[in-house]
Each structure stands twice: as structure tokens, then as C-alpha cells.
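These are my notebook entries on a single structure. I looked up a few positions and the charged pairs, and I record each result below.

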Amino acid sequence: MNKNDQREKNATSDEKAIHTDFTNNMTYGEYLNLDKILSAQNRLSGHHDEMLFIVIHQVSELWMKLILHETKAAIESIEKDDLSTAQKRLARVSKTQSQIIQAWDVLSTLTPSEYMEFRDSLGQASGFQSYQYRMIEFSLGYKTDHVLKIYQKDPALHTILKEAYEAHSLYDVSIRALHRAGLEIDIDVLERDITQTYKENDSVRDAWMKVYKNVDQYWELYELAEKLIDIEDWLQQWRFRHMKTVERIIGFKMGTGGSSGVGYLKKVLDQRFFPELWAIRTEL
């Protein structure tokens, strides 16, 4: 017997415990509901490249689901002053964001001519209507109510969106953590209407400045701040890649959802979620 035959024999012997009879047990596919997931790619046009378009957007929505799951847990941890657990959750959010960014590289293999073959099949459906993306914006403190109007047709989903819209954001609870740590925050910030998009505030800037100038004293808040910067940085990179991919495929045409397309995507690049954390970098 040669060495390769011996290795194969040893490998076979070592793997005798592998389960192959699942008559009465759950399989991998059943656990993951793969029958539902893998049967959800229904091409309306029948065009070959529509499969790419559908899969990329479905995968991105799954990653967004994880981002929301981890962000919600991080918010709950910060409210309990368990900042180390929150940092772990937010680190996972950042890693997940990197996966969504890379998805644009795959979608960008779709050429303008190919996309035009099935674009009309989308009707008025558009990523602009992604309710999970809007919930991510809500969770970071950017609040707009137009998505609530879009989903009035679905009462259950509308309720979920409204709850997210009316909930404290990741930045709201982070600012409250600053306050609990003894840093002075204006009362009108602590008691503000959280259904409105957060606006930059001098007391919050001064509090973060104190954290960055006294890292040893406020180590966990400092680490939290850097995790917030990571998340906004990655989100803006995702937005940039989105804008460039759209420009590459459809140029400056109007989006299927009625937005101005690239023009709209360029404007949102100027949005800030944690403005004071960016401002103090110039002042430090």
C-alpha cells in the first residue's frame, strides 16, 4: 500500500462518526430553512443577469438584519453601562458592514446594457424603499418619516418601523452614558424629541473632547467613541460604493423609486450621524 492509499484509509477510518442518517433528525438545510431561502430568487424578466441583481440585494438585506440585531443589543448594553459588551457588538457591526461594501464589487460586474434588459421588470421597486436600511438610519439617529408612509400598506411592518422611529438611537444612549459618567450635557439634549434627526451640540462636543483628552480616566467611553466612528466611516464607504456602482450602471438616470439617482446618493454622503466625534478631530 502506498502513502496516498494509507492516508485515504486513515481519513476514512477517522471519519466513521460522521452522521448520514437523518430520518429522525434535523439536517443542515432544514435548520437554515434553505428551501425557502434558495427558492426566493424569482426572476421576473427571465434574463440571466437578473439573478445577480436579486442575490446581491437579498444578501445585503440579510447582513442588514444582523447589523440591526447587533446594534439593538449594543444600545441595550450601553443603557446598562455595560460598555465592554457594547463594544463587542459594535465591532461585529463594523465587520458586517465590510461585507456589504464588498457586495458592490460583485454588482458592478453588471453592465448598463445587461441591466437595461430587465430594469423595467422592477417597476417602482427600489433600494430606496429598503425598510431595514431606514431602520439602520433610525438606530444611528437619522430620522425621516417617508419610509413610514411607504409601508402603511403593511400594518405589522409599519408598527415595527414606527417603534424604531420612536426609539432612542445608538448616539442618544451614548450621550446619556456621557452624562451618567459625570460629564455635563445640556438638558435640552437629554430631553430632546428623539423622532427628530440629531443636531450638533456644544455640550456634547465638549464632553467628547474631555474624554479624548483624558483617555485613561474615560477609557471605555473613549473606546465606545472609536467604535461609533468605525460604524459611520464604514457606512459612508458603503454609500460611496453604492453611488459609484449606480453611476457605473445607469449614469445619471432617475432611480426606479423616483429619486434623482446618483444626485440623491451624492447628497446623503454629507449626512453626519455623530457630528461632534468628527469635529473634535480638528480641535484636538
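Entry 1, Tyr31. I looked up Tyr31 in this predicted model and found it in helix H2, which spans residues 28-31. I then asked whether Tyr31 is buried or exposed. Its relative accessibility is 58%, and because exposed means over 50%, Tyr31 counts as exposed. I also noted that Tyr31 belongs to a nonpolar surface patch together with Met26, Tyr28 and Leu32. The four residues have about 500 Å² of accessible area together.

Entry 2, Leu66. I located Leu66 in helix H4, residues 50-79. With a relative accessible area of 27%, Leu66 is partly exposed. I checked its distance to Thr96, which is 30 residues away in sequence. The C-alpha atoms of Leu66 and Thr96 are 7.7 Å apart in space.

Entry 3, salt bridges. How many salt bridges does the whole structure hold? My search of the whole structure returned 13. For the background I noted that side chains of opposite charge can pair when their charged atoms come close.

Entry 4, Asp81 and Arg180. I found a salt bridge between the side chains of Asp81 and Arg180, with an N to O distance of 2.9 Å. This pair links distant parts of the chain, 99 residues apart. Asp81 sits in the loop between H4 and helix H5 (83-107), whereas Arg180 sits in helix H10, residues 170-180. I recorded both partners as partly exposed: Asp81 has 43% relative accessibility, and Arg180 has a relative accessible area of 40%.

Entry 5, Arg205 and its partners. I looked first at Asp202, whose side chain meets that of Arg205 in a salt bridge at 2.9 Å, N to O. Why are the two about one helical turn apart? Asp202 and Arg205 are three residues apart in helix H12 (residues 202-213), so about one helical turn separates them. Asp202 is partly exposed, with a relative accessible area of 48%.

I then turned to Glu283, which forms a salt bridge with Arg205 at 3.8 Å, N to O. Because Glu283 lies in helix H15 (residues 275-283) and Arg205 in helix H12, this pair ties together parts that are 78 residues apart in sequence. Glu283 counts as partly exposed at 45% relative accessibility. I closed the entry with the network: salt bridges that share partners join Asp202, Arg205, Asp206 and Glu283 into one.

Technical notes. Residues numbered from 1 in each chain as written. Predicted model: local features only at pLDDT ≥ 70, side-chain atom pairs only at ≥ 80, totals over all residues. Heavy atoms only, no water. Helix = DSSP H or I, 4+ residues; strand = E, 2+ residues; numbered from the N terminus. Buried < 20%, exposed > 50% of the residue type's maximum accessible area, 1.4 Å probe, protein only. Patch = residues over 30% accessible without salt bridge, like charges linked within 9 Å, V, L, I, M, F, W, Y side chains within 5 Å. Areas by Shrake-Rupley, 256 points an atom, 1.4 Å probe, with all protein chains shown as cover.
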